[in-house]
Amino acid sequence: MRLSLSVLAATALLAACGPRDASEPAAEPASAPGEAAATTAQTHSWTVQVSGTGVALTAVDPAGAALVTLACARKPAELIVTVEGFAPVGSEEQLSVGVDDEPFLLVADPTKRPAGVEARGPIPEDFLKRLETAREVRAVYGAQTLGPLAPPDAETAKRFAGACREARKG
């Protein structure tokens, strides 16, 4: 009996791995836990706001809700990234912002905001240069991922990067 169950299980496994009918749609890969909240629609736009305290570049969904905000503050000069859809994790201290294949690590403070996650760090020149020619932008915090997002257009990215460079000067 044990042998016949093993043979039956092996047969079922091999049948599942076998070729499928070409008319059947391919199965979608399962999302990792926590990924559903951070996945975004393909459509979004980027807006820039400049003020006396710095500059903010925000990706917003079609309803106008912020997905991610990249900000360069003055005094102290720092890069601040806020991802509204991420759930704070008390033990997670890093958030990375990826521009194409290059991650930039920031220190996350899960207690800073009532919702979403905020992270801070220095304003790297390499980040600004890459953003000006980016093909995609993403954020990762623990098991949560936002993106990849289409980057801002070249003019918007250059405006943001220029204002960040000014913020670094003080």
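The following questions and answers concern the fold and salt bridges of a predicted model.

Me: How many helices and strands does the secondary structure of the chain come to?
Reply: From the N terminus, the elements run α-α-β-β-β-β-β-β-β-α-β-β-α. The tally for the chain is 4 helices and 9 strands.

Me: What share of the 170 residues in the chain is buried?
Reply: A residue counts as buried when its relative accessible area is under 20%. By that criterion, the buried share of the 170 residues is 36%.

Me: Which residue in strand E4 is linked to Arg120 of strand E7?
Reply: Arg120 forms a salt bridge in which the closest N and O atoms are 2.4 Å apart. The pair joins distant parts of the chain, with the two residues 42 positions apart. The partner is buried, at 17% relative accessibility, whereas Arg120 is partly exposed at 29%. The residue in strand E4 is Glu78.

Me: Is Glu118, which forms a salt bridge with Arg120, buried or exposed?
Reply: In the salt bridge of Glu118 with Arg120, the closest N and O atoms lie 3.0 Å apart. The relative accessible area of Glu118 is 11%, and the cut-off for burial is under 20%. Glu118 is therefore buried.

Me: Which residues are joined into one network by salt bridges that share partners?
Reply: Arg165 forms a salt bridge with Glu132, the closest N and O atoms being 3.4 Å apart. This pair connects helix H4 (residues 154–169) with helix H3 (residues 125–132). Arg165 is partly exposed at 22% relative accessibility, while Glu132 is buried at 18%. The network consists of Glu125, Glu132, Arg165 and Arg168.

Methods
Residues are numbered from 1 along each chain as its sequence is written. This is a predicted model: local features need pLDDT of at least 70, side-chain atom pairs count only at pLDDT 80 or more; totals for chains, interfaces and linings use all residues. Side-chain values use heavy atoms; hydrogens and water are left out. Buried means under 20% relative accessible area, exposed over 50%, partly exposed in between (1.4 Å probe, protein chains only). A salt bridge is a side-chain nitrogen of Lys or Arg within 4 Å of a carboxyl oxygen of Asp or Glu.
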